[in-house]
Amino acid sequence: MNNYVFLTLAIIAETVATTALKMTEQLTRLWPSVVVVIGYATAFYFLSFALRSIPVGVAYAVWSAVGIVLVTVAGMVMFKQTPDLPAVIGLSLIVAGVVVVNLFSKMSAH
């Protein structure tokens, strides 16, 4: 179970880094750029611990789906980027795919 805590921390760090990336203005602003570098380094650090027992495909699927949803929400809140219906449908399909992998795949670490 601790490995899913590490995966959660990795996802949060990656979400913060990706959101800050927009604020860097092509890495020309110092502090948002520092947040990006530290965020991605932190994300991969925690991901490395999560991969001790979570299969890489499952971890990356969860990382991707949750990260996409969180970055979309951050974009809505911070940058007033509203997803349209096709975006919402696509995001839902991504999340549904990860649920299927976690519930029904024999590759899963459960």
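At what angle, roughly, do the axes of α1 and α3 cross, and within what distance do they come? In this predicted model, the two axes come within 9 Å and cross at roughly 40 degrees. Angles under 35 degrees count as roughly parallel and those over 145 as roughly antiparallel, with 65 to 115 as roughly perpendicular and the rest as oblique. That makes α1 oblique to α3. The crossing of α1 past α3 is right-handed.

This helix pair belongs to a chain with 4 helices and 0 strands. Along the sequence the pattern reads α-α-α-α. The C-alpha trace spans about 45 × 35 × 15 Å along its principal axes.

The contact between α1 and α3 can be followed residue by residue. On the α1 side it includes Tyr 4, Leu 7, Ala 10, Ile 11 and Glu 14, and further along the helix Thr 15, Thr 18, Thr 19, Lys 22 and Met 23. These meet a set of residues in α3, among them Val 58, Val 62, Trp 63, Val 66, Leu 70, Met 78 and Phe 79. Sorted by class, the residues of the contact of α1 with α3 are 15 nonpolar, 4 polar and 2 charged. Lys 22 and Phe 79 are also related in another way: the charged end of Lys 22 sits over the ring of Phe 79, at 5.5 Å from the ring centre.

The next pair is α1 with α2. Helix α1 covers residues 2–23 and helix α2 residues 30–50; their axes come within 7 Å and cross at roughly 160 degrees. Because of that angle, α1 is roughly antiparallel to α2. The crossing of α1 and α2 is left-handed. Their contact has 19 nonpolar residues, 4 polar residues and 1 charged residue.

Aromatic rings add detail to this part of the model. The count of aromatic pairs comes to 5. One of them joins Phe 6 and Phe 46, a stacked pair with 6.1 Å centre to centre and 20 degrees between the planes. Phe 6 lies in helix α1 and Phe 46 in helix α2, so this pair ties together parts that are 40 residues apart in sequence. Ring pairs also link Phe 6, Tyr 45, Phe 46 and Phe 49 into a cluster.

Helices α3 and α4 form the remaining pair described here. Helix α3 runs over residues 56–79 and helix α4 over residues 85–104. Their axes come within 9 Å and cross at roughly 150 degrees. That angle makes α3 roughly antiparallel to α4. The crossing of α3 and α4 is left-handed.

Which residues of α3 meet α4? They are Val 58, Ala 61, Val 62, Ala 65, Ile 68, Val 69 and Thr 72. Their partners in α4 are Leu 91, Ile 94, Val 95, Val 98, Val 101 and Asn 102. By class, this contact of α3 with α4 divides into 11 nonpolar, 2 polar and no charged residues. Val 58 and Val 62 of α3 take part in the contact with α4, and both also appear in the contact with α1.

How values were computed:
Residues numbered from 1 in each chain as written. Predicted model: local features only at pLDDT ≥ 70, side-chain atom pairs only at ≥ 80, totals over all residues. Heavy atoms only, no water. Axes fitted to C-alpha atoms, helices over the stretch in contact; angles between N-to-C directions. Helix = DSSP H or I, 4+ residues; strand = E, 2+ residues; numbered from the N terminus. Left-handed = near helix turned anticlockwise from the far one by under 90°. Nonpolar A, V, L, I, M, F, W, Y, C, P; charged D, E, K, R; others polar. Contact = heavy atoms within 4.5 Å. Phe/Tyr/Trp six-rings, centres within 6.5 Å; stacked < 30°, edge-to-face > 60°. Lys NZ or Arg CZ within 6 Å of the ring centre and 35° of its normal.
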